[in-house]
Structure formats: C-alpha cells, structure tokens
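Work through the exercises below with the coordinates open. Try each task before reading its solution.

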Amino acid sequence: MRNWLAALALGLPMVAFAGDNTLGGFYAGGGLADVKMRFDEGGSLDWTAVEALGGYKHNAYLGGEARVGFASEHGIDLLYNTLYFRTESSNDTAKTYLLLGYSFGVLKLDESDEGEDDTVSVNGLAYGAGVGFAVTPQLNFNIEYQMIMDGDAKYEGESQDMELSGVSLNLDYRF
C-alpha cells in the first residue's frame, strides 16, 4: 500500500503540471519487463517478460490501456492481463503518465510429482508510473515502474498474499 501512495504522490504533480499538446487516439506497442514475484511468507521469483499493449487516449486525464505479459523461466509459465486507467501529459520532448488498474493471470507449474501441470490463479490491484520520450511524432520509447499485481495467489482453495512488480522498457506507436 505504501508503494501505491508513493507512486501517486510522486507522479500526480508531473501529470497535473505538464503541458498536453498531443491529440488523443489509439496506440499499440510492446516491450520487455524485468519482473519479480514476492510472497509475504517469503521467497521470490524473477522473470523477463514480453509485454504487448494497446490503448486509447481521449485526453490528458482520460485514457485506457490493456496489457498482456508472458514469461517462462524456472519451470513456471507466467501469463498476466492488466486493464489500466491511464492519465498522461506530454510536450514535444517527453510525456509522463500514471497507471491504475487490475491484473489477473495464471502461473502454470510444469509437471508436478503426479505428472500433471498445476495452475495457480493470481490477481490483484495494479498501478505504475512512467516517462516516455518521442522518437518520431508517432513513436515513443517508455521507461516505467509497475506494480503489476498486488494481491493473491490461489491454489487448491489456499490463498497467499503476493506482489508482482517490475521495471519495463517498451515502444508504442500512436495512430
């Protein structure tokens, strides 16, 4: 919870005071994320995830974005989907943005002791902040921090608190 408040406190002034001289519209892109999953009871896992994203910017204060991420390491496949509310302000050089939404996904554990694949459901609150730089008038390079998921991992009726966070680099193209 403290991470969420810190991201909001640091990011909100940037979004509120930056000029916005870009038109709204659709965008799509993709990138890589260095993802870390931490469990409250101890332990963590690291992945390099591939993300695809798409969204629509209506104006500086109203936009939406959907993301899909996939990683496969440690004998575990991670797939997550996130829906974000996105605020964004920009000028000719850069943009700042905040993300607030919800993620849901699955962890697929390669064959268990019984020879079956186990699936763990994961879901939770998602938020983040980022900065982007214009490469061309339509193409942007973005650096961001995401709390991809702050919620629960559920397996066979059991639930455990977990966090899935990361730093990502991505490109987006504005149509």
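**Exercise 1: Strand pairing**

Take the hairpin of strand 7 and strand 8: two residues lie between the strands, and E156 there takes a positive phi near 50°. Strands here are DSSP runs of E with at least two residues, numbered from the N terminus. The model is predicted, so local features need pLDDT of at least 70 and side-chain atom pairs count only at pLDDT 80 or more, while totals for chains, interfaces and linings use all residues. Residues are numbered from 1 along each chain as its sequence is written, and side-chain values use heavy atoms, with hydrogens and water left out.

Task: Find how many bridges join strand 7 to strand 8, and how many join strand 6 to strand 7.

Solution.
1. Pairing requires at least two DSSP bridges between two strands.
2. Strand 7 and strand 8 run antiparallel and are joined by 16 bridges. One residue pair to inspect is N140 with its bridge partner D172 in strand 8.
3. Strand 6 and strand 7 also run antiparallel, with 13 bridges. Here S121 stands opposite K154 of strand 7.
4. Four residues separate strand 6 and strand 7 in their hairpin.

**Exercise 2: L164 and the core**

Task: Decide whether L164 is buried or exposed, then list what L164 touches.

Solution.
1. Locate L164 in strand 8.
2. Apply the cut-offs: buried is under 20% relative accessible area, exposed is over 50%, and partly exposed is in between (1.4 Å probe, protein chains only). L164 is buried because its relative accessible area is 0%.
3. Count contacts as heavy atoms within 4.5 Å. Leaving out residues up to four places away in sequence, L164 touches V35, K36, M37, W47, L78, Y80, Q146, M147, I148 and M149.
4. Place L164 in the largest nonpolar core, a set of 17 residues. Such a core joins buried Ala, Val, Leu, Ile, Met, Phe, Trp, Tyr and Cys through side-chain atoms within 4.5 Å. V35, W47, L78, Y80, L107 and L164 touch the most other members.
5. Strands 1, 2, 4, 6, 7 and 8 each supply at least two residues of this core.

**Exercise 3: F141 at the surface**

Task: Which accessibility class does F141 fall in?

Solution.
1. F141 lies in strand 7.
2. F141 counts as partly exposed because its relative accessibility is 31%.
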